[in-house]
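Subject: Handing over a structure

Hello,

Here is the structure I promised to pass on to you. Please open it alongside this message, and I will walk you through what turned up.

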Amino acid sequence: MNYIDITQSTQTLKLNLNQDDNSLGDADFSIYEDGSDSLILEASSEIIYRSYYHEVEFDVNVLSNLKDEKQYTITILNPNTSKVIYRGKFQTTSKDLNNLSVNEGQYIKKTTATNYTILD
């Protein structure tokens with residue numbers, strides 16, 4: 001899953017579009033709250049080809065509409081055909097991505113018992 005640091009002025013989302021050229025240019029994208037049909041934002045950004053993956057840059061206008069510690073779904077349309085070329089998820093955070101960890105380093109004990117009773 002991609003992580004976006006919303007405290008920065010720009011962030012890039014790395015994608016695999018299964019396309020090996022830079023002919024896309026600007027593409028329209030829509031961002032939704034994950035698990036909901038609530039449209040958060042529609043915008044356009046240049047898709048940059050990086051030899052085996054693509055990047056979409058989010059500027060401050062996009063990042064200002066996103067909430068901290070939320071998951072979002074993004075849909076990107078091909079600017080030439082208006083067909084969906086990417087659908088995926090990303091999560092936002094305001095934490096330092098180099099030190100980001102699950103459960104803040106705390107082990108959460110499973111609360112269900114695993115004791116079994118054998119009845120004869």
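A definition to begin with: two strands pair if DSSP finds at least two bridges between them. Helices (H or I, at least four residues) and strands (E, at least two) are DSSP runs, numbered from the N terminus. The model is predicted, so local features need pLDDT of at least 70 and side-chain atom pairs count only at pLDDT 80 or more, while totals for chains, interfaces and linings use all residues. Residues are numbered from 1 along each chain as its sequence is written, and side-chain values use heavy atoms, with hydrogens and water left out.

The sheet

With that in hand, strand 3 (residues 26–33) and strand 4 (residues 39–50) run antiparallel and are joined by seven bridges. One of the residues involved is D28, whose bridge partner in strand 4 is S44. These two strands form a hairpin with five residues between them. In that turn, G35 has a positive phi of about 80 degrees.

Strand 4 also pairs with strand 5 (residues 53–58), again in the antiparallel sense, over four bridges. Here Y49 has H54 in strand 5 as its bridge partner. This hairpin has two residues between its strands, and S51 in the turn shows a positive phi of about 60 degrees.

How does the whole sheet fit together, and in what order do its strands lie? It is an open sheet of seven strands with mixed pairing, in the order 1-7-6-3-4-5-2. Strand 1 (2–5) and strand 2 are the edge strands, each pairing on one side only. From one strand to the next the twist averages 35 degrees (axes are lines fitted to C-alpha atoms, for helices over the stretch in contact, and angles run from 0 to 180 degrees between N-to-C directions). Strand 1 and strand 7 pair in the parallel sense over four bridges, and N2 has F90 in strand 7 as its bridge partner.

The core

A nonpolar core here is a set of buried Ala, Val, Leu, Ile, Met, Phe, Trp, Tyr and Cys residues joined through side-chain atoms within 4.5 Å. Buried means under 20% relative accessible area, exposed over 50%, and partly exposed in between (1.4 Å probe, protein chains only). The largest such core has 21 residues, and F29, I31, F58, I74, I76 and F90 have the most contacts inside it. Two or more residues come from each of strand 2 (11–15), strand 3, strand 4, strand 5, helix 1 (60–63), strand 6 (71–77) and strand 7 (84–93).

F90 is a good residue to click on. Leaving aside residues up to four places away in sequence, F90 touches M1, N2, I4, L13, I31, F58, L66, K70, Q71, Y72 and I74 (contact means heavy atoms within 4.5 Å).

Aromatic rings

Rings of Phe, Tyr and Trp (its six-membered ring) pair if their centres lie within 6.5 Å; planes under 30 degrees apart count as stacked, over 60 as edge-to-face and the rest as tilted. By this rule the count comes to four aromatic pairs. One of them joins Y52 and Y53: the ring centres are 5.0 Å apart and the planes lie at 70 degrees, so the pair is edge-to-face. Y52 counts as exposed at 65% relative accessibility, whereas Y53 is buried at 19%. F29, F58, Y72 and F90 form one aromatic cluster.

Salt bridges

A salt bridge is a side-chain nitrogen of Lys or Arg within 4 Å of a carboxyl oxygen of Asp or Glu. There are three by this rule.

- K14 and E55 meet at 3.9 Å, N to O. This pair links distant parts of the chain, with K14 in strand 2 and E55 in strand 5, 41 residues apart.
- R50 bridges to E55 as well, the closest N and O atoms being 3.3 Å apart.
- K89 and D34 meet at 3.5 Å, N to O. They too sit in distant parts of the chain, 55 residues apart: K89 in strand 7, D34 in the loop between strand 3 and strand 4.

K14, R50 and E55 are therefore worth viewing together, since they are linked in a network of salt bridges. Within that network, which residue is buried? E55 is buried, with a relative accessible area of 8%, while K14 is partly exposed at 42% and R50 is partly exposed at 37%.

Best wishes
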